[in-house]
Amino acid sequence: MWVRRTPLVVVAVLALVGSLGFVALVRSFSGDIKLPRLGPECTVRADGEVTLDSVQMANAATISAVGLRRGMPERAVVVALATALQESKLENLDSGDRDSVGLFQQRPSQGWGTPEKIQDPRYAADKFYASLRKVKGWQKMRVTDAAQKVQRSAYPNAYEKWADESAVLAMALTGRATGAVECTVTGAPVLRGAAAAAALVEGLKLDWGKGLTHAPTAEQTGSVTVTVADRSTGWRYAHWLVSHASDTGLERVRFADLEWHAPDGKWQRVTAAAGTDESRVIAHVYS
């Protein structure tokens with residue numbers, strides 16, 4: 001005879017299955033288990049708000065830096081970010097539809113390069129901008145239309161839904177917003193001291209290249225200084241540094257009259273006694 005279970009019994013069974021599944025998951029790993037964070041790691045506020053995790057934020061900052069290094073306008077950065085959000089959610093994927101890989105899901109079989117090259121975010125972004133530049137009149141197109149001219153997707157209108165978010169990110173990452181990128185970094189830093197400073201300098205050079213007016217310098221005190229020509233450029237680098245804080249051992253960033261601190265993730269006004277400097281962005285790593 002069929003006996004109908006009550007909702008309470010069903011809930012109990014589901015809870016038991018869920019608990020067993022969690023135990024099995026934990027046992028499938030060796031060593032310490034790092035539980036996921038609650039809430040976003042990075043928040044970008046610039047005529048709107050976007051939340052990303054630290055990996056997505058770092059990739060967004062690299063995409064923006066490569067575009068600016070190539071002399072592309074902010075609109076191009078918007079198109080590139082919208083494309084990467086749609087194609088990979090700003091994650092450097094090692095697989096996808098057919099042979100697609102990377103941030104933009106570019107295909108080796110379609111002439112984008114080898115899988116290894118495409119999975120270099122800087123290479124992938126550079127190839128995207130090179131293709132976008134060849135599209136006649138892309139500057140006046142909708143975001144989705146410009147992206148589609150490059151990607152040739154089976155879903156040509158899908159990129160438009162990311163237009164607003166991409167505009168917020170681009171405004172911050174191109175330096176048109178002040179103190180707009182806030183990332184919270186907790187736990188032990190991945191690097192410290194000279195190794196952390198060297199990683200920051202290397203990352204800046206790789207992403208910005210000739211876009212750097214002066215080569216960044218690492219000091220024995222554990223700080224990295226980037227000399228800038230104006231306030232907008234300063235915020236480009238300041239926001240880039242915060243975006244890459246999680247994978248470099250960055251503790252503090254200071255520019256103009258604001259300072260960002262990794263554990264609380266906020267930009268705060270510096271004291272009047274400390275003074276302000278709009279000619280240099282100064283980053284301090286963990287010692």
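## A hairpin to start

Asp47 takes a positive phi near 55°. This residue belongs to the hairpin of E1 and E2, which has 3 residues between the strands. Keep in mind that the model is predicted.

Strand E1 covers residues 42–45, and strand E2 covers residues 49–52. The two pair in the antiparallel sense. Their pairing runs over 4 bridges. Two positions in E1 show how the strands line up. Thr43 has Thr51 in E2 as its bridge partner. Cys42 stands opposite Leu52 in E2.

## From hairpin to sheet

E1 also pairs with strand E3, residues 181–183. Here 3 bridges join the strands, and they run antiparallel. Cys42 appears again on this side: it stands opposite Cys183 in E3.

Together, 3 strands form an open sheet. Their order is E2-E1-E3, and the pairing is antiparallel. The edge strands are E2 and E3, since each pairs on one side only. From one strand to the next, the twist averages 15°. A general point helps when you look at the sheet: in a regular strand, side chains alternate between the two faces.

## Two helices that cross

Next come helix H2 (residues 54–69) and helix H5 (residues 121–133). They pack at an angle of about 50°, and their axes are 9 Å apart. How are H2 and H5 oriented to each other? Angles under 35 degrees count as roughly parallel, and 65 to 115 as roughly perpendicular. The angle of about 50° fits neither range, so H2 and H5 are oblique to each other. Their crossing is right-handed.

Which residues of H2 meet H5? They are Asn59, Thr62, Ile63, Ser64, Val66, Gly67 and Arg69. On the H5 side, the residues are Pro121, Arg122, Ala125, Asp126 and Tyr129. The contact is mixed in character: its residues divide into 5 nonpolar, 4 polar and 3 charged.

## Aromatic pairs

Two numbers describe a pair of aromatic rings: the distance of the centres and the angle of the planes. How many aromatic pairs does the model hold? The count comes to 5.

One of them is formed by Trp208 and Tyr237. Centre to centre, the rings are 4.9 Å apart, with 85° between the planes. Planes over 60 degrees apart count as edge-to-face, and this pair is edge-to-face. The pair links distant parts of the chain. Trp208 lies in helix H8 (residues 193–208), and Tyr237 lies in helix H9 (residues 231–243). The two residues are 29 residues apart.

Methods:
Residues are numbered from 1 along each chain as its sequence is written. This is a predicted model: local features need pLDDT of at least 70, side-chain atom pairs count only at pLDDT 80 or more; totals for chains, interfaces and linings use all residues. Side-chain values use heavy atoms; hydrogens and water are left out. Two strands pair if DSSP finds at least two bridges between them. Axes are lines fitted to C-alpha atoms, for helices over the stretch in contact, and angles run from 0 to 180 degrees between N-to-C directions. Angles under 35 degrees count as roughly parallel, over 145 as roughly antiparallel, 65 to 115 as roughly perpendicular and the rest as oblique. A crossing is left-handed if the near helix is turned anticlockwise from the far one by less than a right angle, and right-handed if clockwise. Contact means heavy atoms within 4.5 Å. Ala, Val, Leu, Ile, Met, Phe, Trp, Tyr, Cys and Pro count as nonpolar, Asp, Glu, Lys and Arg as charged, and the others, Gly among them, as polar. Rings of Phe, Tyr and Trp (its six-membered ring) pair if their centres lie within 6.5 Å; planes under 30 degrees apart count as stacked, over 60 as edge-to-face and the rest as tilted.
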